[in-house]
Amino acid sequence: MRTLRIFFCCLVPLGVVTAQPAIPPAWGNDPEIESKIDTLMRRMTLDEKVGQLITYSAGAPTGPGTGRSDYKEMIAKGQLGSLFNLVGADETNAMQKIAVEKSRLHIPLIFGLDIIHGFRTEFPVPLGLSATWNPELVERAAAVAAKEARRAGVHWTYSPMVDIARDARWGRIIEGAGEDPYLVSAMAAAYVRGYQGTKLSNPDSIAACAKHFVGYGAAEGGRDYNVSEIPQRLLRQVYLPPFRAAADAGVATFMSAFEALNEVPASANASTITQVLRQEWDFKGFVVSDWNSIGELVAQGVATSAAMAAQRAILAGVDMDMESNSYALNLAALVTSGAVSESVIDEAVRRVLRVKNAMGLFDHPYTEGKAQGDIAPEDQELAYKAAEESLVLLKNDGVLPLKAAEGKTIALIGPMADDAGQMLGSWSARGVASDVITLRTALTKQVEAGHGHVVYAKGTNLAGNSDSGFADAVAAAKKSDAVVLALGEDAPVMTGEAASRAHLDLPGNQQQLLEAVAAAGQPVILLIFSGRPLVLNWAAQHISAIMEAWYPGIQAGPALGNVLLGVSAPSGRLTTSFPRAVGQEPLYYSQFNTGRPARGVDLSYPPKNSIEKYLSRYIDVPNSALYPFGFGLTYSTITYSPTAVSATSVSAHALNVGTAKLTVSAEVHNMGSRAADEVVQLYIHQTGTSVVRPVRELKGFRRIELAPGASQKVEFRLGRDELKFWNIDMKDVVEPAELTVWVAPDSTQGEPAQVTIGQ
Ligand code: BGC
């Protein structure tokens, strides 16, 4: 076997990087745990060590399988330290018994599972959860998932996905918190705190896994598994920060991604895994590969055999091989031949054992089995709150809230109106459709309680072109006072992994149904159930109201019903930009200005003069999003005072050493007669800097409740963390600059204030 050279080819030399080291969690540096590991490792054979570096799926696959099923034999021989996709106290305990009682060293297994937005209690999909802009709620939702999972024998979730996603074509945009590094970082930390609790060894804690490290969301063309090319500054500035936030929150594990990042596959990438994660961030947990991502190094072309793939991955710092067989079949021989030093294996094993120890698995390997009961009432309530806060009202000409008075008829139309399974999204761990209350059930009950009437017609299917249901739908619309039309993407098929789309329209003939129903002449409220931004131009022009519902989870119906009927007010805000055309993708608010910015220029073409022509613009669509990042309406009118700053000048030096901070504030006023939650957002822009900075960057947000007529002053602090960026020398510092700040309801509004950052 050839010795492979691992290059730190992708990132600037270590010496220049000035990021602060992370603070490892207590379990990362516990002398007692380390000495227990030393003692154990002295007794381990090479074979047993390799066993700790492997995990196999014992259940439904999410990729090509290995064909192996001899797990029991492997565990008994100490050749397998982890399984995933195995759920249930009895099922996991049976396997654990083999590890603990039959294997020579009694090392417990760690059981993993993809718990993405709930275990049994299903919350909105992660993109929907992010639209709550409520990290505290997300933390509580993750804690519910952890409690339920741990009681079912699961120790470890492959969540949160903290990939920045700026391309709506990418199906996995549904699994993350959107396009912005500040928001995704806040959510990343919230998930980790929720899953892991105050201590990994708590009976209701599970280990989290920050994935997919790194750059997976920047797949070229939005095509899943495709390469990503991310220049160093962008990587540091945008794609790495959410992972760093997860590390700082003490996340126990990372997952290395599938894609080749700057031509080096993420699962063989020493510059990100060893240099950034282990050396710069001092990460003490372990890195698991994605499903067969080590095996796929061969197809990617950086390995010509599974052995070479294993060698590349382990040398890059991937501690555990998920489902590729490459480590199981090759690592021991690689060590024997001298191609991989045993100390490399030892380091990986130590990391795995560290997490198992921190989780208390050596002391409490078994799940003291309570069978999965009903969902606890307080968890139902949290699922309701999450669903309600995730709904984003995009347009309302006044038809909402619906007046469901006596004698009024609402036509409820569309394939999403009564489909319980769809409400669980594309990846719902142990969610069951019978837990879901659909919109049809909830709305009918509510409207009938007020002596109104709901008529239902499915209209069409999520896919296909049969219009056999159109006539009933149109007839129902004609008989009604208003139409609620529930359309969207077939969650398991069209969203999530391996579900990239080149078109972002309503699938099948749903657009035709929408137009047919609209032609009936009643006001139409369009509900979109989707895992990504769709192109909604026609609806934006012709339909009375539009609400993005994502996939809201088990409480879909009650949340939607209450918001439609005005029992509560919509309060979600977009975390991804909704495009006007697919050709705008990747579309995100924090773009650079260019030398020829076209903001504020109207779309007329041909342009009136050469000044209008030679701009950074499309000739056939405005540059802007149809619905921008941060946007969402409510039933009240909220106004903002001009942005105020505590000082109009401040020194960069003082900011860098932490002795100065700015306070930025605005008075937010509820002018209406209804209570409303408002998501107050802080944006900045800097000029005069050594590198170009985005036109706006989110640097703070707060969700507040405003009673009718109430005002609240909302204050944000801006210090080093918010104002620094990776400058021309790749130093992460605050530079002298002209700073513009906005306290605003979304990424396009607000009145700016200016601050000079001097030397
Ligand atoms: C996905 C991961 C997931 C893993 C295990 C892969 O296909 O990319 O996100 O955690 O499967 O199910």
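## Strand E27 and its partners

In this predicted model, Thr 740 stands opposite Gln 754, a residue of strand E27. The pair can be placed in a wider setting, for strand E26, which covers residues 737-744, is joined to E27 by five bridges, and the two strands run antiparallel. Strand E27 also pairs with strand E19, which covers residues 649-651, but here the sense is parallel and there are three bridges. Within that parallel pairing, Val 650 has Ile 757 of E27 as its bridge partner.

Which residues of E27 point to the buried face, and which to the other? Along residues 753-758 the side chains alternate, with Ala 753, Val 755 and Ile 757 pointing to one face, where they are buried. Gln 754, Thr 756 and Gly 758 point to the other face and are not buried. This agrees with a general pattern, since in a regular strand the side chains alternate between the two faces of the sheet. Buried here stands for a relative accessible area under 20%. Two residues already named as partners thus fall on opposite faces of E27, for Ile 757 belongs to the buried set, whereas Gln 754 belongs to the set that is not buried.

## An open sheet of five strands

Elsewhere in the model, five strands form an open sheet in the order E4-E3-E2-E1-E10, and their pairing is parallel. Strand E4 (156-157) and strand E10 (321-322) stand at the edges, and because each has a single partner strand, one side of each is left without a neighbour in the sheet.

Inside this order, strand E2, made of residues 82-84, runs parallel to strand E3, made of residues 110-113, and three bridges join them. One of the contacts can be followed by name, as Phe 84 has Gly 112 in E3 as its bridge partner.

## Enclosed spaces

How many cavities of 30 Å³ or more does the model contain? The count comes to seven. The largest of them holds about 100 Å³ of space, and its lining includes Glu 48, Gln 52, Ile 75, Leu 80, Ser 103 and Leu 109. Sorted by class, the lining of this largest cavity has six nonpolar, five polar and one charged residues.

The second largest cavity has a volume of about 80 Å³. Its lining consists of 13 residues, and those nearest its centre are Thr 62, Asp 114, Asp 290, Trp 291 and Trp 427. By class, the lining of the second largest cavity has six nonpolar, two polar and five charged residues.

Key: Residues are numbered from 1 along each chain as its sequence is written. This is a predicted model: local features need pLDDT of at least 70, side-chain atom pairs count only at pLDDT 80 or more; totals for chains, interfaces and linings use all residues. Side-chain values use heavy atoms; hydrogens and water are left out. Buried means under 20% relative accessible area, exposed over 50%, partly exposed in between (1.4 Å probe, protein chains only). Helices (H or I, at least four residues) and strands (E, at least two) are DSSP runs, numbered from the N terminus. Two strands pair if DSSP finds at least two bridges between them. On a 1 Å grid over the protein atoms alone, a cavity is a set of points where a 1.4 Å probe fits but cannot get out, and a pocket is an open set with protein on both sides within 12 Å along at least five of seven lines; lining residues have an atom within 4 Å of a point. Grid points are joined across faces, edges and corners, and a volume is the space filled by probe spheres set on the points. Ala, Val, Leu, Ile, Met, Phe, Trp, Tyr, Cys and Pro count as nonpolar, Asp, Glu, Lys and Arg as charged, and the others, Gly among them, as polar.
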